[in-house]
Amino acid sequence: MIKMSNLKNINLDIASFAMRCVEEVKDTNDDKNKKKYKTLVRKMFTLIQKNGFIGTLVFNLSKVGDDYHKEVLKDIVNWNVLNYKINHIKNFKDNYEKLRKEINDENDLKIFTKYIEWVTSLNQREYRFVTKEMMNLFGWIKRFADGMIEGEE
């Protein structure tokens, strides 16, 4: 687990987390999904910027049957739990820490839906903050995906 002790180390923490996310996908044997994941994470910053974070979440939720969309949603929930700047907002960590460890084919839709409900309950300042953090996360994931996953989709 990442221990985020101060703001000075936040970029190291997010880079480390992003690298692990990409390594998980890279270590699978499904080359098609790797390429699609790479394509999706390369677009996430722009999707969030143009459609808003909630719109982007709902888009990924609508395609959760595809493993690469599920991976992106798992990355988001896991980063929210580990990010000390986010996980205290409206009891996020208390509600999701157990659930995130249990994301699987049977309950992933429930967890992702609950997460979207949590995001929609945020006030405007909190929503902007979480959105900014997710854009930062996908900036890092994109960099690692570009370097670690071969090919274009």
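Two residues are in contact when heavy atoms of theirs lie within 4.5 Å. With that in mind, look at the whole chain: among contacts between residues at least 6 apart in sequence, 71% join residues at least 24 apart.

The model is predicted, so local features need pLDDT (the predictor's confidence in each residue, from 0 to 100) of at least 70 and side-chain atom pairs count only at pLDDT 80 or more, while totals for chains, interfaces and linings use all residues. Residues are numbered from 1 along each chain as its sequence is written, and side-chain values use heavy atoms, with hydrogens and water left out.

**Whole chain.** Colour by secondary structure, where helices (H or I, at least four residues) and strands (E, at least two) are DSSP runs numbered from the N terminus, and you will find 6 helices and 0 strands. Then colour by pLDDT: the mean for the chain is 86, and 86% of its residues reach 70 or more, with helix 4 having the lowest mean among the elements (68) and helix 6 the highest (96).

**The core.** Buried residues, those under 20% relative accessible area with a 1.4 Å probe and protein chains only (exposed is over 50%, partly exposed in between), make up 48% of the 153 residues. Next, select Tyr-37, Tyr-115 and Trp-118, which have the most contacts inside the largest nonpolar core, a group of 44 residues. Such a core is a set of buried Ala, Val, Leu, Ile, Met, Phe, Trp, Tyr and Cys residues joined through side-chain atoms within 4.5 Å. Keep Trp-118 selected and show what surrounds it: leaving aside neighbours within four places in sequence, Trp-118 is in contact with residues including Ile-86, Phe-92, Tyr-96 and Val-130.

**Val-77 and Tyr-96.** Select Val-77, in helix 3, which counts as buried because its relative accessibility is 1%. Although Val-77 and Tyr-96 are 19 residues apart along the chain, their C-alpha atoms are separated by 7.9 Å.

**Helix 6.** Finish on the 25 residues of helix 6, whose expected span (1.5 Å times one less than the number of residues) is 36 Å, which agrees with the 36 Å between its end C-alpha atoms. At its N-terminal end, Asn-123 acts as a cap, with a side-chain oxygen 3.1 Å from the backbone nitrogen of Arg-125. Which residues of helix 6 are buried? Among them are Val-130, Met-134, Leu-137, Phe-138 and Ile-141, and what covers the buried residues of this helix includes helix 1, helix 2, helix 3 and helix 5.

Terms used: Polar contact = N/O pair within 3.5 Å; in protein donor to acceptor, adjacent residues only side chain to side chain.
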